[in-house]
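User: Could you take me through one helix of this model in detail, and then show me how the rest of the chain fits around that picture?

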Amino acid sequence: MDLHTYPDRDMLMMRLADRISADLKECLLTHDRATLCVPGGTTPGPVFDLLSAVDLDWSRVDLLLNDERWVPETSERSNTALLRQRLLTGRAAAARLIPLVTGDATPEEGLAALTEGLEGVLPISVLLLGMGEDMHTASLFPGADQLDLALSDNAPPLVAMRAPGAAEPRITLSAPVLRDAMKTHLLIVGPGKKAALEQADRPGPVREAPVRAILGNAMVHWAA
């Protein structure tokens, strides 16, 4: 784990956006396309705002969520809707969004089609993750029904997930897909998440702190 601490959240968001844009530009120098994988939620919103104005060839960038709540895009809980509002705008509107939700009633029903949609976009070029105070990342929640599958070395790329701490069913990228990313950034803010990070960085079972699955490869960005 490579921990970077910033004097305030504004500086964190600016530096992280700069780092991600530099990583994407570096990838596009040697590859036809790049895959940027990002979390939902409100914390990364300022990073998205900054990235959307970056001058790079967004038409060669595939945009993918770490995970998605199984809700329609019209829901205020939709991560896809958040991306459309804050990242797929301005210059970044030219990026190609890889969907992680369908119109099916359950994530299990949509799994095959969504997995097929990942062909050609893996491995992830640049990965941005968040973390909860329970040490989950993506939708790899402690106690989730399919956590052992999602953490296994032979896990499929996508796993349908239900967890006590999640209000609705989810679909998530599995640990091997996240771990295989070329560049990994973990964004956390506040003292609670700093304490959780310190706990996760200690030896222990990955299933109790799923973020441990990616910490070894991650550049962690934190501000109070």
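Analyst: In helix α3, which spans residues 79–86, the buried residues are N79, T80, A81, L82 and L83. Buried here means under 20% relative accessible area, exposed means over 50%, and partly exposed is in between, using a 1.4 Å probe on protein chains only. Helices (H or I, at least four residues) and strands (E, at least two) are DSSP runs, numbered from the N terminus.

Before going on, note that this is a predicted model, in which local features need pLDDT of at least 70 and side-chain atom pairs count only at pLDDT 80 or more, while totals for chains, interfaces and linings use all residues. Residues are numbered from 1 along each chain as its sequence is written, and side-chain values use heavy atoms, with hydrogens and water left out.

What do the buried residues of α3 pack against? Their partners are helix α2 (45–51) and the strands β2 (34–38), β3 (61–65), β4 (67–69) and β5 (96–98). Contact means heavy atoms within 4.5 Å. At the N-terminal end of α3, S78 acts as a cap, with a side-chain oxygen 3.3 Å from the backbone nitrogen of T80.

Two of those partners, α2 and β3, are joined by a loop that holds S59. S59 is partly exposed, at 40% relative accessible area. Its side chain makes a polar contact of 2.5 Å with the side chain of D57. A polar contact is a pair of N or O atoms within 3.5 Å; within protein, one must be able to donate a hydrogen and the other to accept it, and residues adjacent in sequence count only if both atoms are side-chain atoms. Leaving out residues up to four places away in sequence, S59 touches R33 and A94. From S59 to G204 the C-alpha distance is 42 Å, with their positions 145 residues apart in sequence.

Now to the loop between β6 (126–129) and α5, where H136 sits. H136 is buried, with a relative accessible area of 17%. The side chains of H136 and D134 meet in a polar contact of 2.6 Å. Beyond residues up to four places away in sequence, H136 touches G130, M131, F141 and P142. H136 is also one of the residues nearest the centre of the largest pocket, together with G40, G41, G130 and M131, out of 22 that line it. A pocket is found on a 1 Å grid over the protein atoms alone, as an open set of points where a 1.4 Å probe fits, with protein on both sides within 12 Å along at least five of seven lines; lining residues have an atom within 4 Å of a point.

On the other side of α5 (147–151), the loop leading to β7 (158–161) contains P157. P157 is partly exposed, at 26% relative accessible area. Apart from residues up to four places away in sequence, P157 touches T115, L118, L122, T172, L173, S174 and V177. The C-alpha atoms of P157 and R60 are 22 Å apart, and 97 residues separate them along the chain.

Stepping back, the protein chain has eight helices and ten strands. Of its 224 residues, 52% count as buried. Among contacts with a separation of 6 or more, 74% link residues 24 or more positions apart. Along the principal axes, the C-alpha atoms fill a box of roughly 40 × 40 × 35 Å.
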